[in-house]
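Here's a quick tour of the cysteines, followed by a look at one of the pockets. Have the structure open as you read.

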Amino acid sequence: MYPDFRYLLHGLFGIDAPQWLSVFKTFGFFVAIGFIAAAWVITSELKRKEKAGLLAPEYETVEVGRPASFTDLLISAIIGFVLGAKFGGVILNASEAAPNPLGYVMSLKGSLLFGILGAVLAAYIKYADKAKKKLAEPVMKKMAVYPHQRVGEIVVIAAIGGLAGAKIFNAFETWDSFIKDPIGSLFSSAGLTFYGGLIIATIALWYFARRHKIAFHHLCDAAAPALMLAYGLGRLGCQFAGDGDWGIFNSAYITDATGHLQHSAPEAFQAAVGSAQTYFLHDFGSIDKVAHAYAPAPGWLPDWLFAMNYPSNVNNEGVPLANCVGDYCHVLPVGVFPTPLYEAITCILLFLVLWKVRRKFIRPLHLFGVYLILNGLERFFVEKIRVNYKYDWGFVHPTQAEIISTCLVLAGIGILLFYKKNNEPAAPAATTSA
């Protein structure tokens, strides 16, 4: 696996990269790619809806030609100081920041020198930008702001709301671990629950859309393909980093002494579990609770499609790798189903389906309803071979994701059956905001 860029460059090209590159995590890279791709998709769709007259601009009155005020410079300097201090601190203290970059960023640590340089640079940029646009007499100007011009704000809100929701819902899903170290759990770069992020981000974006008079049903339709694509790319990050979102154990494969997978008989699987009982007892509480299925790959398919052991995974799950030097020296003792890979392939294909059919829907929100159904079904079925906490409801034992995915499917069906509003041209926006 490639938990960070040092491992990625070494694994793909044999390059011994500098230590500071270990700060940049592979999972974070794919998440960033996912956000960029989603932003492009949403922008394209919003432009199409604006051209069709389904979305109207909001008119804002802004002051043009005013020089930078003391407050402008102060705010820019503060932002520049924080960014500079954190960036410089991460670069200069890469060995300390690399294991948990998010935790380092959220701490009070940083580089004072880089912070001062960042403050000066940010204040100067603000001053120069305002000076370039300065007029002899500032004027008030009315400007039309189209929804697609707010995609930057939409992405930032989605990112913040999504991260907060993912952490909160993950805390509920891993409650025993969370109460032992709540601060460490919240600021760890691992442990994210997608549905928690989706729910909180949706609430935040609903408020944003309402505030700026953007038809929320059209925003949802524009976001549907983007969400599917971003999720698929994010799961690729999970796969390459080995962040623990894998499936149950495939007892047809065990890890040998060199860290490689090999075919096994059921008896060999039990022996492997027994030899790594410290790991299984720590993660599962009991050897008897280790979920597994015997599923060897057919001869015409590669073994890695059915089982992986995630050597050098980012969470250091499993048993120590022999002769390993570095921060990530663990491997799973038994193969697991690579569910992140399954989800990545499935969701990217579903994105292509949604992108192909998006123009065929005559009613708003119906494309989003289809997204909810497809997303819910995909997650519900993959949960059958994933390792997750199960709730004890007596007659049934669902996971958090199964509960939410079922609700999403029902919500999607409800939208298709009962939401009958037609696509109508938007009335010209008359709203102004200072």
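## The disulfide

A disulfide here is a pair of cysteine sulfur atoms within 2.5 Å. Keep in mind that this is a predicted model. By that cut-off, the structure holds one disulfide. The partners are Cys324 and Cys329, with 2.1 Å between their sulfur atoms.

How about its handedness? The torsion about the S-S bond of Cys324 and Cys329 comes out at about -75°, so this disulfide is left-handed. The two partners sit on either side of the burial cut-off, which is 20% relative accessible area. Cys324 has 27% relative accessibility, so it counts as partly exposed. Cys329, at 13%, counts as buried.

## Cysteines without a bond

Why doesn't Cys220 pair up with Cys407? The sulfur of Cys407 is the closest cysteine sulfur to that of Cys220, but it is 17 Å away, too far for a bond. Cys220 is also buried, with a relative accessible area of 6%.

Cys347 tells a similar story. Its closest cysteine sulfur belongs to Cys238, and at 11 Å that is too far for a bond. With 0% relative accessibility, Cys347 counts as buried.

## The second largest pocket

Now for some empty space. The second largest pocket has a volume of about 390 Å³. It is lined by 18 residues, and those closest to its centre are Arg6, Tyr7, His10, Gly11 and Ser312.

What classes of residue make up the lining of this pocket? There are eight nonpolar residues, six polar and four charged.

Conventions: Residues numbered from 1 in each chain as written. Predicted model: local features only at pLDDT ≥ 70, side-chain atom pairs only at ≥ 80, totals over all residues. Heavy atoms only, no water. 1 Å grid on protein atoms, 1.4 Å probe; cavity = no way out; pocket = protein on both sides within 12 Å on 5 of 7 lines; lining within 4 Å. Points joined across faces, edges and corners; volume = space filled by probe spheres on them. Nonpolar A, V, L, I, M, F, W, Y, C, P; charged D, E, K, R; others polar. Buried < 20%, exposed > 50% of the residue type's maximum accessible area, 1.4 Å probe, protein only.
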